[in-house]
Amino acid sequence: MTTHAPLPDLVLEPLVRAALAEDLGASGDITTRCAVPPGAKANASLRAREAGVVSGMQVAELAFRLVDPAVEVDVKIPDGTRCGPSDVLMELQGPAHGVLSAERVALNFAGRLSGIATLTAQYVERTHGTAARITCTRKTTPGLRVVEKQAVLHGGGYNHRFSLSDAILIKDNHIAAAGGIVPVLRAVKAQASHMVRVEIEVDTLEQLTEVLAEGGADVVLLDNMDTATLTEAVAMAGGRLVLEASGTMTPERVAEVAAVGVDYISAGALTHSARTLDLGLDF
C-alpha cells in the first residue's frame, strides 16, 4: 500500500472528542468505575480478526490518549499496511480505566476506517496494468469525511474534492437549472477563479460533443455509461481532458472500465457501503 503522512492530531481531535463525549455520556464509564479498582493496570492488544488493510490507528491512539495520557500506545501495524487474521495492530499498557473507557470509540473508528481502506484496495487491485485511478466521492458519513477520505488513501485510492468549495463540479441538475451545457460552461468561465478546476458531468456522447466544442472544462465526468459508450468517449476526447467514469462502479466492473482508458473511476461505495473490518481488543 502507498504510505501517506498522518493528519495533524489537531484536525482529528474534534472528531474523537465528540465520539468520546457521546460514548461517556453525562456520568462517564460507570461500569468500569464500579467494577475495576482505580489503580488497576492493563496490558491489551488490538488485533485483526480477518485480513484487510489497516486504517484508523492514528485515530484509535488519539482516543486512548485523550481519555488518559498515561496509557502507552505502541502501533505495530501502521495505517496503509495489510494485516492478516490475529495480527496485533496495536499494544496498550497503562491504567485499565483509560483503556476500557476508550475501547469502543477506538474500535469503532479503526474498524470503520480499515473497512474503507480494505474495500478501496479491492477496487485498486482491479485497475492493475492500466493508468486508471480509483477515487472516492462526497458520499461520506457526516462529520467524518476527513478520516474516511484518509482511509481511501490508505487503501491505495485517491481523493476527489473534499467539499463544495474545493472545485467546480457541474452536475446534471446544474445544467438543467442553467439552461444547458453551453450556458452553464459560459457562466462558469465568466466567473470562476483561474485557480479553480472545472468538472462537468455528461450522460451522453452528444453532451460530450458540446463540452468539447465549447471548452472551459478541465475534467469530464462520464456518468452511467456502458463500456462501449465509455470507449467511444475516450476516443472522442483524445486526451484533451481528464476523464472520470462514475455510476454503478462495482469491484466486478472496475477492470473492464479501467481498460477503456479513463483516467479516474469514482465510487461512492468506497465510503458509503464499506463493511467494517472485524477488530477486537483483548487483555
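In the predicted model, I134 stands opposite I265 of strand β11. This pairing belongs to the contact between β6 and β11, which run parallel and are joined by 3 bridges. Both strands are part of an open sheet of 6 strands, arranged in the order β6-β11-β10-β9-β8-β7 with parallel pairing. At the edges of the sheet stand β6 (133–135) and β7 (168–170); each has a single partner strand, so one side of each is left without a neighbour in the sheet. On average, and with direction ignored, neighbouring strands of this sheet are turned by 25° against each other.

Within the sheet order, β10 is placed between β11 and β9. Of the 5 residues of strand β10 (residues 242–246), 4 are buried, so the strand is largely enclosed by the rest of the structure. Towards β9 (residues 219–223), β10 is held in parallel register by 5 bridges, and V219 has V242 of β10 as its bridge partner. Towards β11 (residues 264–266), β10 pairs in the parallel sense over 2 bridges; here the bridge partner of E244 is Y264 of β11. The connection from β10 to β11 passes through helix α10 (residues 251–258), and this β-α-β crossover is right-handed. A right-handed β-α-β unit is also made by β9, helix α9 (residues 227–237) and β10.

Two further helices lie across strands of the sheet. Helix α7 (residues 181–191) lies across β7 and β8 (198–202), and its direction makes an angle of about 170° with β8. Helix α8 (residues 205–214) lies across β8 and β9, running at about 155° to β8. One residue of helix α8 is Q207. The relative accessible area of Q207 is 19%, so this residue counts as buried under the 20% limit. When neighbours within four places in sequence are left aside, Q207 is in contact with I181 and V202. Of these two contact partners, I181 falls at the start of the range given for helix α7, whereas V202 falls at the end of the range given for β8.

Burial also marks helix α5 (residues 145–154), in which 8 of the 10 residues are buried, so that the helix is largely enclosed by the rest of the structure. The buried residues of α5 are V147, E148, K149, Q150, A151, V152, L153 and H154; among them are the charged residues E148 and K149. The surroundings of α5 are formed by several elements: its buried residues pack against the helices α1 (9–24), α3 (57–67), α4 (96–125) and α11 (269–272), and against strand β2 (52–53). After α5 comes G156, which has a positive phi near 95°.

The largest pocket of the model holds about 460 Å³ of space. Its lining comprises 24 residues, of which T137, K139, S246, S266 and G268 are the closest to the centre of the pocket. Among these residues, S246 is in the range of strand β10 and S266 is in the range of strand β11. At least two residues of the lining are supplied by each of β9, β10 and α11. The largely enclosed strand β10 therefore contributes to the lining of the largest pocket, as does helix α11, against which buried residues of α5 pack.

Note on methods. Residues numbered from 1 in each chain as written. Predicted model: local features only at pLDDT ≥ 70, side-chain atom pairs only at ≥ 80, totals over all residues. Heavy atoms only, no water. Buried < 20%, exposed > 50% of the residue type's maximum accessible area, 1.4 Å probe, protein only. Pairing = 2+ DSSP bridges. Right-handed = clockwise from strand over helix to strand, strands pointing away. Axes fitted to C-alpha atoms, helices over the stretch in contact; angles between N-to-C directions. Contact = heavy atoms within 4.5 Å. 1 Å grid on protein atoms, 1.4 Å probe; cavity = no way out; pocket = protein on both sides within 12 Å on 5 of 7 lines; lining within 4 Å. Points joined across faces, edges and corners; volume = space filled by probe spheres on them.
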